[in-house]
Amino acid sequence: MSTTARPFFARLWSSYTTALRERPLRTKMIQSGVLFITADLVAQIGIEGRSMRKAIMGEEGEEIYDPLRTARITTYGSIIFAPLAHTWLSQLEKVNLSNKVTTLATKVTLDCLVWSPCVTFMFPTSLGLLEGKSIEEVRQKVAMGWFPTWQKAVCVFGPTQILNFTLIPPQHRLLAVQSVGMCWNTFLSWQNNKNNKILAQATAHLVEARVHAAEVEGEKTHKEGEVEEAERDVEEAREAVRKAQEKKDKMKKEGGALGVGTRMGWS
């Protein structure tokens, strides 16, 4: 790192810690808003493959970046989630039992069994209402996705919180866990781009296999078993395309607004 860059980041961190000490709630609200914006941008553009350029040009469709979604998620992250997370972590810090292990186990258990279910309910409910959905529509959405979302979140953030409560100072714990969410978003984006390449290669191979099969069938004379081999190659290529497409669809679904809320909306 250059000599000019190091002081800049040192000053930036110093300003952040000062603001966190003097105005903890306001700082965490701004911090959470910035991280939620970043997370949704990564999710929409990197994971879901939405186009920012088409959005700027005024085009419409499912593959277009949705700025209103980012605005709704940011509103939730900064105005609703951050104050509640700040209060929850402050209360959780008061848990002080007979020894460190018992205290840690109690904090993690409370976080997973009390806070986590509330957040998993609160995010889709808040987003649904901000989207203008009816109470019944919101209820159905929550009922359909609450339990599997909570399960996945606990699997990731349960171990994360063990490290968080053990190693990270209390004032930085929200930043730490949201940073894990950002890393998760980035990893999913990388994985999605990798899968896109696999899908493109599989699709190209399928086209080649179909052309070859047609050529073999069109020949007046061909070796025994050559047609069957060509057809088998087509089936294998088709299966590879199907699997890659399923993985792409799954990642696109997990990268949506609910995925962002799960990854970023934890204490």
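This report describes the fold, the aromatic contacts, the nonpolar core, the second largest pocket and the cysteines of a predicted model.

## Overall architecture

The protein chain contains 9 helices and 0 strands. Read from the N terminus, its elements therefore follow the order α-α-α-α-α-α-α-α-α. Of the 267 residues in the protein chain, 40% are buried.

## Aromatic pairs

The structure holds 11 aromatic pairs. One of them joins F36 and F81, whose ring centres are 6.0 Å apart. The angle between the two planes is 55°, and the pair is classed as tilted. This pair links distant parts of the chain: F36 belongs to helix α2 (residues 24-47) and F81 to helix α4 (residues 67-92), with their positions 45 residues apart in the numbering. F36 has a relative accessible area of 0%, so it counts as buried. F81 is likewise buried, with a relative accessible area of 0%.

A further pair is made by W88 and W115, with ring centres 5.7 Å apart. Their planes meet at 15°, and the pair is therefore stacked, the limit for that class being under 30 degrees. Here too, distant parts of the chain are linked, because W88 lies in helix α4 and W115 in helix α5, 27 residues apart. Both W88 and W115 are buried. The residues of these two pairs also come together in one aromatic cluster, which consists of F36, Y76, F81, W88, W115 and F123.

## The largest nonpolar core

In soluble globular proteins, nonpolar side chains tend to be buried together. The largest nonpolar core of this model has 20 residues. Within this core, Y76, F81, W115, V119 and L174 touch the most other members. Helices α4, α5, α6 and α7 (173-218) each supply at least two residues of the core. Y76, F81 and W115, named here among the core residues, are also members of the aromatic cluster.

## The second largest pocket

The second largest pocket encloses about 170 Å³ of space. Its lining is formed by E93, V95, K100, T103, L104, K107, F165, T166 and R173. Two elements, α5 (100-130) and α6 (135-167), give two or more residues to this lining. Helix α5 gives the most, with 4 residues. Sorted by class, the lining comprises 3 nonpolar, 2 polar and 4 charged residues.

## A proline in helix α6

P159 is located in helix α6. With a relative accessible area of 46%, P159 is partly exposed; the value falls between the 20% limit for buried residues and the 50% limit for exposed ones. The C-alpha atom of P159 is 8.7 Å from that of V108, although the two residues are 51 residues apart along the chain.

## Cysteines

A disulfide is a covalent bond between the sulfur atoms of two cysteines. The structure holds 0 disulfides. For C155, the closest cysteine sulfur is that of C112, at 9.5 Å, which is too far for a bond, because a disulfide requires the two sulfur atoms to be within 2.5 Å.

C155 has a relative accessible area of 61% and is therefore exposed. C118 is partly exposed, with a relative accessible area of 43%.

Technical notes:
Residues numbered from 1 in each chain as written. Predicted model: local features only at pLDDT ≥ 70, side-chain atom pairs only at ≥ 80, totals over all residues. Heavy atoms only, no water. 1 Å grid on protein atoms, 1.4 Å probe; cavity = no way out; pocket = protein on both sides within 12 Å on 5 of 7 lines; lining within 4 Å. Points joined across faces, edges and corners; volume = space filled by probe spheres on them. Nonpolar A, V, L, I, M, F, W, Y, C, P; charged D, E, K, R; others polar. Buried < 20%, exposed > 50% of the residue type's maximum accessible area, 1.4 Å probe, protein only. Phe/Tyr/Trp six-rings, centres within 6.5 Å; stacked < 30°, edge-to-face > 60°. Core = buried A, V, L, I, M, F, W, Y, C linked by side-chain atoms within 4.5 Å.
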